[in-house]
Amino acid sequence: AMNFTRRNGSVSNSVNSDSPFNISFLQASENGTSVGNKWSVGGDSISLGFFRGKSKDYGMATSGFLSEYGRDVGNSYASLFFGITNENDGFLETSVEGAFAEESNASTTFTGISGYGWVNDIWSYNALGSVGSTQMSVDGTGLLSNIENITSSSFAIEATRPIGLNEKDSFHIGLSQPLRVEKGIAKILIPKLYEANGNLSFNNVEADLSPSGRQLDLKLGYKASLNNLFNVDIQLAFSKDYGHVKSDEIIYSAAGFMKFKF
């Protein structure tokens with residue numbers, strides 16, 4: 001299986017859209033299937049994976065592939081990845097159907113870098129950044145005539161260190177940006193009044209797809225293992241411009257978890 005989550009090269013994890021350390025363009029495989037393989041070539045590694053599934057929110061049919069080249073660099077593992085995602089009836093996990101378009105297809109080419117390892121004897125880190133370019137075609141009758149020049153990005157970085165309150169505990173601090181459209185133009189037909197002969201005319205309007213804000217999430221956490229029986233996880237999160245909508249309000253949340261063996 002492909003190791004979609006970047007933290008430990010010996011562990012394979014499926015996509016979880018709630019984690020900032022998953023490649024955003026692959027989220028559709030959370031509700032689908034994926035297959036892949038990793039080859040060791042000397043001290044380097046090469047991975048190739050394919051997936052097919054449906055998007056989490058709108059059930060859009062999505063497929064694609066991911067390739068990756070990685071190697072150990074000092075106390076870190078760094079990789080460069082490249083892939084393509086194809087989506088039906090929408091783009092970037094956003095549905096486009098009904099009155100907007102009878103049929104649409106989007107192809108996103110993406111690339112990025114990821115890494116994890118140790119900064120020194122105390123601090124370890126995890127990092128991921130990606131950028132994508134989307135081409136979309138619109139067919140049939142609809143108010144949406146075209147979408148073009150779409151560029152999107154996302155990133156996440158986290159640092160971790162032990163605290164020492166017990167043998168197995170750690171403090172986590174991370175900063176991330178969910179997938180955001182950096183630029184893009186949508187050409188939309190806006191209906192006007194009916195003409196005297198009964199024909200309905202339209203104005204062709206261009207809309208900027210770049211949102212008004214940039215969501216940034218700051219997360220603080222503490223994890224501990226107590227007597228090898230209980231695992232405790234406490235998290236605090238602060239979000240600026242939630243949903244990439246510009247706002248002076250800071251959205252915050254807190255969560256606590258406890259796992260135990262029996």
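The side chains of Ser 130 and Ser 154 are joined by a polar contact of 2.9 Å. The model is predicted. Ser 130 belongs to strand S8, which spans residues 124-139. Its relative accessibility is 6%, so Ser 130 counts as buried, the cut-off for that class being under 20%. Leaving aside residues up to four places away in sequence, Ser 130 touches Phe 25, Phe 81, Thr 111, Gly 112, Ser 152, Ser 153 and Ser 154.

The salt bridges come to five. Among them are the following pairs, with the distance between the closest N and O atoms.

| Acidic residue | Basic residue | Closest N and O atoms |
|---|---|---|
| Asp 44 | Arg 71 | 3.4 Å |
| Glu 182 | Arg 180 | 2.9 Å |
| Glu 182 | Arg 214 | 2.9 Å |

Asp 44 forms its salt bridge with Arg 71. Asp 44 lies in strand S2 (residues 44-54) and Arg 71 in strand S3 (residues 61-73), so this pair ties together parts 27 residues apart in sequence. Arg 71 counts as partly exposed, at 41% relative accessibility.

Glu 182 forms salt bridges with Arg 180 and with Arg 214. The pair of Glu 182 and Arg 214 links distant parts of the chain, 32 residues apart: Glu 182 is in strand S10 (residues 168-194), while Arg 214 is in the loop between strand S11 (200-208) and strand S12 (216-226). Through shared partners, salt bridges join Arg 180, Glu 182 and Arg 214 into one network. Within this network, Arg 180 is buried at 8% relative accessibility, Glu 182 is partly exposed at 25%, and Arg 214 is partly exposed with a relative accessible area of 31%.

Notes. Residues numbered from 1 in each chain as written. Predicted model: local features only at pLDDT ≥ 70, side-chain atom pairs only at ≥ 80, totals over all residues. Heavy atoms only, no water. Helix = DSSP H or I, 4+ residues; strand = E, 2+ residues; numbered from the N terminus. Buried < 20%, exposed > 50% of the residue type's maximum accessible area, 1.4 Å probe, protein only. Polar contact = N/O pair within 3.5 Å; in protein donor to acceptor, adjacent residues only side chain to side chain. Contact = heavy atoms within 4.5 Å. Salt bridge = Lys/Arg side-chain N within 4 Å of Asp/Glu carboxyl O.
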